[in-house]
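Open the model in your viewer and keep the selection panel at hand, as this tour goes from one selection to the next.

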Amino acid sequence: MWTVCAWCGLRWGELMGLQHHHVAATRLTIDVQLGPPDGRPFELEPPKEGSYRNDHPHYFGAVDLPPFLAALLTRQMADRHPASCDCGDDGCGGGRFLFLNKRGGHHLHGTYATHPWEKAVTGWVPARRPRRGRSSGAPARPVMVDMAEGWPGVPVTPTWPAASGTTWAPPVVRGLPRYDQPVVDARAVDCPRCRAAAGKACTSPSGDKHTHQPRIAAARAAGHIRELGLTSWLPINPRMTPPQVTALAPGVAGRDRHPHDPHP
Ligand SMILES: [Zn+2]
Ligand SMILES: [Zn+2]
C-alpha cells in the first residue's frame, strides 16, 4: 500500500479509493477518492482539486507503473476479496478495493498511525491513558501473536506485559488469558445452543458475544484443542511514520522509553 502511495504520489483518500478496475497492466488510473477520511458512510468522490490521472485530454494521463509495482499490484489483487464493509449501497458501493483492513473494512485515517502502523514498526502496543471512570490505562506492551495461521501471526489481546528481571513465568492475573495453556477451538464445531455454524461466532438475543459452554464442551470432546504458537514482533523501524498520517498517538513520542530487549 505504501509503496504504491510513494511511487504514484497519491493522497490518503486516493489510496483508499483504489479498486481493481483502476489497474490495467502497467497503468494506474486515479479518478476517485474515498472520503471523508473517517466518515460514515464512506463515499467515493472526485479526487481533490481535480487531480484526475486518467486518459482524458484535460489531464496528465494514467500513472505508468514500473514492472515491479505492476507485479506487486497483480499479486495484491489475486489475494484480496471485495470489501465487506458496512457502508451500504449509498456508501462506497462495496467494490473490489485494493487496500482494506483485515476484516474487509476501510482503514481509519484517525487511528491508522496507532493501529496497525505503530504496532508493526515498534513491535509494541502503545500505552493507553487512563480514562476517568472507564479504565485505569495500561503501560506499553510488546505485540504478542499466535502463529497458528502463519506469518505475521494474529495479535492476541489483551497481551502480556513485557518480561522484566532475570526470571519469568507466564502471568497469572485476573482478566489476562492463560495463553500458555492449551485452548479449545470452539468455532471448529457447530453450536448446539444457538445453532451458529462452524467458523461463525455464537449469537444471542441479548447481543453478547460469549461462546456458549455446550459448544466449548463439544469442541473439547471432539479434540479441537491446541497450543498457541506464541511469539512477539520485533521492531521494523521505530522511527518510521506513515506519510500523510501524522496524528501520532501520545504514546509514540515515548517510544524510546521502552527498550526493545525485554520481549517475553
Ligand atoms: Zn465501504
Ligand atoms: Zn452458541
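Begin by selecting C5, a residue of this predicted model that is buried, with a relative accessible area of 4%. While C5 is still highlighted, add C8 to the selection, and ask how far the sulfur of C5 is from the closest cysteine sulfur. The distance is 8.5 Å, and the closest cysteine sulfur is the one in C8, which is too far for a bond, because a disulfide needs two cysteine sulfur atoms within 2.5 Å. Next select C191, another residue that counts as buried, here at 2% relative accessibility. When you look over the structure for disulfides, you will find zero of them.

Now turn to the aromatic residues, for the structure holds nine aromatic pairs. One of them is formed by W12 and Y112, so select these two residues together and turn the view until both rings can be seen. A pair of aromatic rings is described by the distance of the centres and the angle of the planes. For W12 and Y112 the centres are 5.3 Å apart and the planes stand at 70 degrees to each other, which makes the pair edge-to-face, since angles over 60 degrees count as such.

Which parts of the chain does this pair link? Colour helix α2, residues 12–17, and then helix α4, residues 109–122: W12 lies in helix α2 and Y112 in helix α4, so that the pair, whose members are 100 residues apart, links distant parts of the chain. Are the two partners buried or exposed? W12 counts as buried at 5% relative accessibility, and Y112 is buried too, with a relative accessible area of 7%. Keep both of them selected and add W2 and W117, and you have a cluster of four residues, W2, W12, Y112 and W117, linked by ring pairs.

Finally, clear the selection and show the whole chain as a cartoon, in which six helices and twelve strands can be traced. The C-alpha trace spans about 65 × 50 × 40 Å along its principal axes. Of the 264 residues in the chain, 38% are buried, and among the contacts between residues at least 6 apart in sequence, 51% join residues at least 24 apart.

If you switch on the surface, you are looking at about 16,000 Å² exposed by the chain, with carbon and sulfur atoms supplying 55% of it. Colouring by charge brings out 30 positive and 22 negative charges, and the mean positions of these two sets are 8 Å apart.

Methods
Residues are numbered from 1 along each chain as its sequence is written. Chains are lettered from A and ligands numbered from 1 in the order in which they are written. This is a predicted model: local features need pLDDT of at least 70, side-chain atom pairs count only at pLDDT 80 or more; totals for chains, interfaces and linings use all residues. Side-chain values use heavy atoms; hydrogens and water are left out. Helices (H or I, at least four residues) and strands (E, at least two) are DSSP runs, numbered from the N terminus. Buried means under 20% relative accessible area, exposed over 50%, partly exposed in between (1.4 Å probe, protein chains only). Contact means heavy atoms within 4.5 Å. Accessible areas come from the Shrake-Rupley method with a 1.4 Å probe; for residues, only the protein chains shown count as cover. Lys and Arg count as positive and Asp and Glu as negative; His and the chain ends are not counted. The place of a charge is taken as NZ of Lys, CZ of Arg, CG of Asp or CD of Glu. Rings of Phe, Tyr and Trp (its six-membered ring) pair if their centres lie within 6.5 Å; planes under 30 degrees apart count as stacked, over 60 as edge-to-face and the rest as tilted.
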